[in-house]
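User: Could you take me through this structure by way of a few questions, giving the meaning of each term as it comes up?

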Amino acid sequence: MGIEYLDLYNKSKLFIVKGISNRNESDMSEFLLWASLSLELLGKATLAFVHPSLVVDPNDPKGLLVACGYRKHDDFKTIQAKTVFERLHVTLSIPKFDQKKKEFCMSLANKRNAELHSGLLPFDGLRLDLILPHFWEICVILLEFQEKKLEEWIGHDEAIRALKIIEDHSAILKTVVESRVEACRVKYYEKYRHDQPQITYEVYNDDEELIRCPACNNDALAYGELNDKVYEGESEENPWHSVYSYIYDTTEVHCRYCDLKLIGYEEVEIVIEDPVFSKTVEEEPDYDYDYGND
């Protein structure tokens, strides 16, 4: 037995269909349980789409051999949900799969674990209108990375329903964010009608950048999550150094002038025209290898 991308994808598909079947019978707790299981498998399928070795426990050498196609057996371990979502977020840096989405996935996984391994009933009473928009949107992000469509996964009719949920949520979020920006704009001009404030920002880290605040048009501090690292060539001034462009997705914006806060890529992209910034960095190769022969 080996690790195959399509096996993981098809199993995630089987589980979400089971969940939808329970939902149709008004068993929402069972739906959420199967949905959480399906999401973890869809995450593993996304990793395996790149390479099966991303799915196995790195401390299990047999698993790495299986993932590389050298051995075929079932005596190996795969990574836990926490590692799945961490790798999707940090290792693959999937566009739009930001910290907030990782936290949502982990919250769902933790509730799943409590449902299976304790006497608690964590899915009882949860509001689907608060969960489903995030769940379906994350599924779409992961499926698009795999070059698949939602309707391939859950069928045409269910895909239409899911996309409508995402669309309605996006429309509501757009209204909320635009209202927040307008409120901060009004607050700023009322507070500083006569005196222009002078606030100095210090950018200390590579994942920070100054941008124009969409509310008051002053400098605001943008925080990014690394999306890609692009090799640009050798340094002209330092021949032994390499030049890289670090590309960041803006996932937070904080403005000290008008107190505007945007949290998460979804909010940022509504009012920031280009929510991506980059930093050029020179790096010296690390030759300090530990050969284990000292």
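**A buried aspartate and a nonpolar core**

User: In which strand does D249 lie?
Analyst: This is a predicted model, in which local features need pLDDT of at least 70 and side-chain atom pairs count only at pLDDT 80 or more, while totals for chains, interfaces and linings use all residues. Residues are numbered from 1 along each chain as its sequence is written, and side-chain values use heavy atoms, leaving out hydrogens and water. Strands are DSSP runs of E with at least two residues, numbered from the N terminus, and D249 belongs to the run of residues 242-254, strand β3.

User: How far from D249 is the nearest side chain of opposite charge?
Analyst: D249 is buried (under 20% relative accessible area, 1.4 Å probe, protein chains only). It has no salt bridge, a term for a side-chain nitrogen of Lys or Arg within 4 Å of a carboxyl oxygen of Asp or Glu. The nearest side chain of opposite charge is K96, at 9.7 Å.

User: Which residue's side chain is joined to that of D249 by a polar contact?
Analyst: A polar contact is a pair of N or O atoms within 3.5 Å, where one must be able to donate a hydrogen and the other to accept it. At 2.9 Å, such a contact joins the side chain of D249 to that of N227.

User: Which element gives the most residues to the largest nonpolar core?
Analyst: A nonpolar core is a set of buried Ala, Val, Leu, Ile, Met, Phe, Trp, Tyr and Cys residues joined through side-chain atoms within 4.5 Å. The largest has 54 residues, and F85, W136 and W153 have the most contacts inside it. With eleven residues, the element that gives the most to this core is α6.

Technical notes
Buried < 20%, exposed > 50% of the residue type's maximum accessible area, 1.4 Å probe, protein only. Helix = DSSP H or I, 4+ residues; strand = E, 2+ residues; numbered from the N terminus. Lys, Arg positive; Asp, Glu negative; His and termini not counted.
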